[in-house]
Amino acid sequence: MNSVVLNFAQIIFDASILEIFLSLTTGAKLIIENDVALIAGQNLKNTIMKHRVSFAILPPSILESTNPHGITSLEVLMTAGEPCTDTIVKKWGVISKLYNGYGLTETSVCTLASKQLLPGQKINIGKTIPNCSVAIVDRYGQLLPCGIEGQIYIAGIGLANSVDLSLIHISEPT
């Protein structure tokens, strides 16, 4: 296997768990670099190119500040932590399979993942991963129709015990 996973998230962030265990469970090489090598822009681009990274999870603001021109190894890229934009899909969706993820530390890293994002298509946070369920509700706990802003309620076996997620606000439709 020639897969190479970039460990971008610091160990204190839940995304690092996905990066680390993805590598461990698939036999992929895990690239752990210093903070300077991961600075958005030319440093990050150089790191991706130097190690021929094939999978990465990166925040949209980092992608916004980095030019993907010349990166040929990146097969799968997931955005997370911030809303993904059309600009990012146009820039990065043409050089890799781009996905959008959403999840909280309390939900064991990821709860929702989109299908592959393509330029010109509507960006969303996708559907629930297995063993999770999500509902968008109003302030009274009543279900809202698709596309309406509300609060997100998450349930499933990956949810931490004694966590009240009712105060989380989400504006992206599922």
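## The loop residue R52 and its surroundings

R52 is found in the loop that connects α2 with β3. The structure described here is a predicted model, and this loop residue is a friendly place to start exploring it. Most residues other than glycine have a negative phi, and most peptide bonds are trans. R52, by contrast, has a positive phi of about 55° although it is not a glycine. Which residues does R52 touch, leaving aside those up to four places away in sequence? They are V4, T72 and S73. For T72, the distance along the chain can be set beside the distance in space: R52 and T72 are 20 residues apart in sequence, and their C-alpha atoms are separated by 7.9 Å.

With one loop in view, the whole chain can be taken in. The protein chain holds four helices and ten strands. Read from the N terminus on, the order of these elements is β-α-β-α-β-α-β-α-β-β-β-β-β-β. In other words, strands and helices take turns up to the fifth strand, and the remaining elements of the chain are strands. The protein chain has 174 residues, and 39% of them count as buried. The accessible surface comes to about 9700 Å², with 57% of this area belonging to carbon and sulfur atoms. Contacts across the sequence can be described too: among those between residues at least 6 apart, 39% join residues at least 24 apart.

How confident is the predictor in this chain, and where is the mean confidence of an element lowest or highest? The protein chain averages a pLDDT of 87, and 89% of the residues score at least 70. Among the elements, helix α2 (residues 42-51) has the highest mean pLDDT, at 97. Strand β10 (residues 169-170) has the lowest, at 50.

Next come the strands, beginning with β3. On which sides is strand β3 (residues 55-58) covered? Both of its faces are: F55 and I57 are buried on one side, and A56 and L58 are buried on the other. Strand β3 runs parallel to strand β4 (residues 76-79), and four bridges join the two. A56, one of the buried residues of β3, stands opposite L77 in β4. Strand β4 in turn pairs with strand β5 (residues 97-102), again in the parallel sense and over four bridges. In this second pairing, T79 has N100 in β5 as its bridge partner. Strand β4 is thus a shared neighbour, joined to β3 and also paired with β5.

Helix α1 offers a helpful lesson in contrasts. Is S16, a residue of this helix, buried or exposed? S16 is buried, because its relative accessible area is 1%, under the 20% cut-off. Beyond residues up to four places away in sequence, S16 touches N7, A9, Q10 and I11. F21 is also found in helix α1, which spans residues 15-26. F21 counts as partly exposed, since its relative accessibility is 47%, between the cut-offs of 20% and 50%. F21 belongs to a nonpolar patch on the surface, together with I11, I12, F13, I17 and L24. The accessible area of this patch is about 670 Å². I11 appears in both descriptions, as a contact of S16 and as a member of the patch.

Several other loops complete the tour. P83 lies in the loop between β4 and α4 (86-92). P83 counts as exposed because its relative accessibility is 54%, over the 50% cut-off. P83 and Y102 are 19 residues apart in sequence, with 9.2 Å between their C-alpha atoms. Farther along the chain, N131 lies in the loop between β7 (127-128) and β8. N131 has a positive phi, near 70°, and is a residue other than glycine. N131 counts as exposed, with a relative accessibility of 55%.

The final stop is E149, in the loop between β8 (132-137) and β9 (150-156). How far is E149 from V137, counted along the sequence and through space? The two residues are twelve places apart in sequence, and the C-alpha to C-alpha distance is 8.4 Å. At 46% relative accessibility, E149 counts as partly exposed.

Notes: Residues numbered from 1 in each chain as written. Predicted model: local features only at pLDDT ≥ 70, side-chain atom pairs only at ≥ 80, totals over all residues. Heavy atoms only, no water. Buried < 20%, exposed > 50% of the residue type's maximum accessible area, 1.4 Å probe, protein only. Contact = heavy atoms within 4.5 Å. Areas by Shrake-Rupley, 256 points an atom, 1.4 Å probe, with all protein chains shown as cover. Patch = residues over 30% accessible without salt bridge, like charges linked within 9 Å, V, L, I, M, F, W, Y side chains within 5 Å. Salt bridge = Lys/Arg side-chain N within 4 Å of Asp/Glu carboxyl O. Pairing = 2+ DSSP bridges. pLDDT = per-residue confidence, 0-100.
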